[in-house]
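Good morning, colleagues. Please take a moment with the sequence and the coordinates before I go through a few local features.

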Amino acid sequence: MFSNYNIDKLDFHFNTFQEGLNVLLSSKNKKDFEEKFVQFLKDHLDEIQLKLYYSTDKLIWNQVSPSDNNNSVKFPLSDSIQIIENIPFQKCLSAVIPFDQNENYAIVLFDKQKLTKFDDVDKLNLKLFAQLLYNGYITFQKIKNEKELIFSLNNRIMQMNTLIDTGIELARLDNVSKLISLSLERAVSLTNSSKGVVIISRNDVYQESAYFPIQFEFVRENYSSKNMIHSEINHQDIKIEYFLIEKESRNGIINFDETDYLLANAITRQVAAALQNDYLVHQLIDKQKIEKELELAAEIQRIIIPETVPEIEGYKVAGINIPSKEVGGDYYDVIKLKDGRYAFVVADVTGKGVPAALLVSTLNAALTAYIDQAIPLSDLGAKLNSIIYKASTRDKFITFFIAILTPENGNLEILNAGHNPSMLLNSKGELKFIEAGGLALGMFDMGIPFSSQSLTLKKGDRLLLFSDGIPEAMDENDEEFSDERFEKLFTDYTPEDPGKFIDKLLKQVKSHAGSAPQSDDITALYLYKP
Amino acid sequence: MDAELSLSSKVQSDLLIIETDGYINNQGGEKIAAEAYKHIDQGIKKVLLDLDKSKIVNSIGISILIEIIEKLDDIDGKLFFTNLDPTVEKTFNIMGLFQFADKVESAENIINGSD
């Protein structure tokens, strides 16, 4: 029958084992485990000295508790827990506890004061504690590995989540400095880098840098690909380089791994996308601004350019103006003067859009102001030239053709300031080009005189004022409508109905152009004295 | 490397309040841990980390914070956080810190016993 004494003893051993296990499993790390184990033994073994040894190869055993790097001993090879006497030194009792090839412990008890020899009870107790160490360490390692695995998995989730959130935040930023700053912070923290720097250059010329967490002296040559990640974005003429330096760990600096490179590149791609989006948004805003400007310019043009031409007794008049884009640079008008004369005007401004429209508006205003002052056309040319010169930039000028008709006698006063010559076809079919003389308005303001000329429209004469957009109209093969074809059309056309001529001219030009977009404004003023 | 994180601490009632300023990485985390353990060894069981000026934490820093949590848990103590940046809070959530630590509005919440 099993005595109560034995049951109590077994119970004691069981409780001791369980208590020891609880103590060991509360260890924070391997060193803590060893210290807790040694202390537990000391608490349960009276008047005995002990040492704990550790080996990674079963050949060399180092004393870990109390710690002594200079004291290494040898134990016999063993594949299971072994209790041995007098090894590694006399009058000691040892337990060798192998885990695997790379991890082995040995407990050595010595200096037992009461007895000269360790007895079977001592051996049994030591075996118990050896088993405790074995079970405790195995479980401790499993828990540690499990914790590390959970931490690692959570860390991966955290990295992915941070990457997603970073992408969203970057896309919302409209300030490049904040974008760079945020992306650098995230790249450094996600890769556990010690520090990072972003270097921005334009056309390979250094512009500025950003640092995290603090500014430091960065010498690229001091680092290799193992301790530095380099990732680069090229946007327009700007290069943005990210350098992440020295990956941290609890045990010091370690090499960056593949995941770190992936994370860093993912962040820089997000930055690139954000910059591209920002660029596109600005492009869109600019486009909308331009469209608004063009609307404004078109409105100005609509006000200035007449929708119809006046009827002049004894004459037939027709005109057309078709801008090549929303707003053109051509201008034409037929102005009735106070003295009963009519001014036929065709002008062509360099450039398009609002600046051209404003210049045309200036011309129109100046012309309106001076035309009724009955000053000679040469003086009018000089005044207009001065005004346009002051109102325009260096690259802007206006070619200008004006013919003032006195309806009663058909007299024409003509001034051509740099414009293409108008065509005059008489009743005999003779074609004449009216050049007149003078530079375009706004080119120079040096008092260069303008010269006018006079002629008389006779019955059957036809005058055509036009802009170069007609003879220079291009087709898909970049071939022009041509002066010759234009002249032939003008000379061949009968009967002499200006409106129908304009229509026919327009049809022919459009037919020539085909699917090619209109290359220049089309402007024509036709005066016929039947 | 120069230290990037700075901190200040005070004990209010039985609560240690640590205010940090800077990046909580390995070095920053070790600084926080050293300050916390110094007071824990003197009997403090409640620690509040005010991270108002620390918007970035890396995984090394987080692992050190977890160790502080475990050490406090061993002595029936607790770690609290306040003034967390939303990104940091989300990170702590994913990493499981709030299973054993709490976030609070202020130190008064802890001192008055509402947390």
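**A buried threonine, salt bridges and a helix pair**

T191(A) has a relative accessibility of 1%, and because buried means under 20%, this residue counts as buried. I should state at the outset that this is a predicted model. T191(A) sits in the loop of chain A that connects α4 (176-190) to β7 (193-202).

What does the side chain of T191(A) reach at 2.7 Å? The partner is the backbone oxygen of A187(A). The side chain of T191(A) also makes a polar contact with the side chain of S193(A), at 2.6 Å. If neighbours within four places in sequence are set aside, T191(A) is in contact with L244(A), K247(A), F256(A), D260(A), L263(A) and A264(A).

I turn now to charged pairs. Side chains of opposite charge can pair when their charged atoms come close. Over all chains, a search of the whole structure finds 25 salt bridges. I shall discuss some of them.

One salt bridge joins the side chains of K36(A) and D32(A), with an N to O distance of 3.0 Å. How far apart are K36(A) and D32(A) in helix α2 of chain A? The two are four residues apart in that helix, which spans residues 30-44, so about one helical turn separates them. As for solvent exposure, K36(A) is partly exposed, at 23% relative accessibility. D32(A), by contrast, is buried, its relative accessible area being 16%.

A second example is the salt bridge between the side chains of R250(A) and E67(B), at 2.9 Å from N to O. R250(A) belongs to the loop between β10 (238-247) and α5 (258-304) of chain A, while E67(B) belongs to helix α2 (residues 59-74) of chain B; the pair therefore joins two chains. Are these partners buried or exposed, or in between? R250(A) is partly exposed, with 34% relative accessibility. E67(B) is likewise partly exposed, with a relative accessible area of 30%.

A further salt bridge is formed by D339(A) and R341(A), whose closest N and O atoms are 2.8 Å apart. Here D339(A) is partly exposed, at a relative accessible area of 48%, whereas R341(A) is buried, at 15%. Returning to the pair across the chains, salt bridges with shared partners link R250(A), E30(B) and E67(B) into one network.

Next, helix packing in chain A. The axes of α2(A) and helix α3 of chain A, residues 120-172, come within 12 Å and cross at roughly 155 degrees. Since an angle over 145 degrees counts as roughly antiparallel, α2(A) is roughly antiparallel to α3(A). The crossing of these two helices, α2(A) and α3(A), is right-handed. Which residues make the contact? From α2(A) they are K30(A), F33(A), F37(A), F40(A), L41(A) and H44(A). From α3(A) they are F129(A), L132(A), L133(A), G136(A), Y137(A) and F140(A).

Finally, I come to chain B. This chain has four helices and five strands, and along the sequence the pattern reads β-β-α-β-α-β-α-β-α. Of the 115 residues in chain B, 51% are buried. Among contacts in chain B between residues at least 6 apart in sequence, 67% join residues that are at least 24 apart.

Methods. Residues are numbered from 1 along each chain as its sequence is written. Chains are lettered from A and ligands numbered from 1 in the order in which they are written. This is a predicted model: local features need pLDDT of at least 70, side-chain atom pairs count only at pLDDT 80 or more; totals for chains, interfaces and linings use all residues. Side-chain values use heavy atoms; hydrogens and water are left out. Buried means under 20% relative accessible area, exposed over 50%, partly exposed in between (1.4 Å probe, protein chains only). A polar contact is a pair of N or O atoms within 3.5 Å; within protein, one must be able to donate a hydrogen and the other to accept it, and residues adjacent in sequence count only if both atoms are side-chain atoms. Contact means heavy atoms within 4.5 Å. A salt bridge is a side-chain nitrogen of Lys or Arg within 4 Å of a carboxyl oxygen of Asp or Glu. Axes are lines fitted to C-alpha atoms, for helices over the stretch in contact, and angles run from 0 to 180 degrees between N-to-C directions. Angles under 35 degrees count as roughly parallel, over 145 as roughly antiparallel, 65 to 115 as roughly perpendicular and the rest as oblique. A crossing is left-handed if the near helix is turned anticlockwise from the far one by less than a right angle, and right-handed if clockwise.
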